[in-house]
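The following exercises concern one protein structure. Each task is followed by a solution that proceeds step by step.

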Amino acid sequence: MERLAGEGILTNCLGSDNTTADFNSNNNPTETVTYCASKDATADDWGGTGNRVSQTFTFANSAGDDWHLASGDAGAKDYGVDLSADGSYAFDDDIDFAVRSGSWDIGFDEYGGVSLSPPYRDWE
């Protein structure tokens with residue numbers, strides 16, 4: 001997520017099984033949410049385009065903390081938007097440094113790329 005002048009921008013974000021709401025604005029009325037997916041009905045609370053609500057996500061091994069999308073996922077796989085030329089923060093890889101191609105997935109992982117064991121990426 002990126003913050004610009006008090007505005008929250010969420011794109012290609014996946015929210016699931018949170019205690020209150022998968023997407024919570026914290027009373028920020030200027031959220032921009034596009035191509036996001038939630039297990040509950042909150043991903044489309046700000047309008048936006050391409051959002052998916054009430055989805056079921058299938059992960060490689062959630063019990064073992066492997067949150068990579070499974071091959072049979074129908075909630076996030078191939079529903080994202082290409083951000084490689086994004087005007088605010090362009091990138092073309094996922095959490096494992098695998099280059100995204102074709103139809104992008106919603107979430108931190110592009111299915112079919114390299115799968116690294118946790119922890120995934122050093123953000124510092």
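**Exercise 1. Salt bridges**

Task: Determine which side chains meet in a salt bridge, beginning with the partner of E110.

Solution. Step 1: E110 and R100 meet through their side chains in a salt bridge, with 3.2 Å from N to O; the criterion is a side-chain nitrogen of Lys or Arg within 4 Å of a carboxyl oxygen of Asp or Glu.

Step 2: Both residues belong to the segment after strand 7 (66-69), so the bridge ties together parts that are 10 residues apart in sequence. Strands here are DSSP runs of E with at least two residues, and helices are runs of H or I with at least four, each numbered from the N terminus.

Step 3: E110 and R100 are both buried. Buried means under 20% relative accessible area, exposed means over 50%, and partly exposed lies in between (1.4 Å probe, protein chains only).

Step 4: The structure holds two salt bridges. D17 and K39 form one of them, at 2.9 Å from N to O. This pair links distant parts of the chain, 22 residues apart: D17 lies in the loop between strand 3 (14-15) and strand 4 (32-34), and K39 in the loop between strand 5 (37-38) and strand 6 (59-61). D17 is exposed at 58% relative accessible area, whereas K39 is partly exposed at 44%.

A note on the basis of these values: the model is predicted, so local features need pLDDT of at least 70 and side-chain atom pairs count only at pLDDT 80 or more, while totals for chains, interfaces and linings use all residues. Residues are numbered from 1 along each chain as its sequence is written, and side-chain values use heavy atoms, with hydrogens and water left out.

**Exercise 2. Overall architecture**

Task: State how many helices and strands the protein chain has, and what part of its residues counts as buried.

Solution. Step 1: The chain has zero helices and seven strands, which gives the pattern β-β-β-β-β-β-β along the sequence.

Step 2: Of its 124 residues, 36% count as buried.

Step 3: The chain exposes about 7100 Å², and carbon and sulfur atoms supply 49% of this area; the value comes from the Shrake-Rupley method with a 1.4 Å probe.

Step 4: A contact requires heavy atoms within 4.5 Å. Among contacts between residues at least 6 apart in sequence, 35% join residues at least 24 apart.

**Exercise 3. Aromatic rings and the nonpolar core**

Task: Identify which residues form one aromatic cluster, and which residues make up the largest nonpolar core.

Solution. Step 1: Rings of Phe, Tyr and Trp (its six-membered ring) pair if their centres lie within 6.5 Å; planes under 30 degrees apart are stacked, those over 60 are edge-to-face, and the rest are tilted. The count by this rule is four aromatic pairs.

Step 2: One of these is the tilted pair of F57 and F59, with 6.3 Å between centres and 40° between planes. F59 also pairs edge-to-face with W67, at 5.2 Å and 80°. F57, F59 and W67 thus form one aromatic cluster.

Step 3: Within this cluster, F57 is buried at 11% relative accessibility and F59 is buried at 19%, whereas W67 is partly exposed at 37%.

Step 4: A nonpolar core is a set of buried Ala, Val, Leu, Ile, Met, Phe, Trp, Tyr and Cys residues joined through side-chain atoms within 4.5 Å. The largest one has six residues: A37, F57, F59, L69, A76 and I106. Beyond its neighbours within four places in sequence, A76 is in contact with L14, F57, L69, D105 and I106. Another core lies apart from the largest one and has five residues, including L10, F23, V33 and A43.

**Exercise 4. Backbone angles**

Task: Describe where Y35 and D78 lie, and give the phi of each residue.

Solution. Step 1: Most residues other than glycine have a negative phi.

Step 2: Y35 has a positive phi near 50°. Y35 is placed in the loop between strand 4 and strand 5 and is partly exposed at 27% relative accessible area.

Step 3: D78, also not a glycine, has a positive phi of about 70°. D78 lies in the segment after strand 7 and is partly exposed at 43%.
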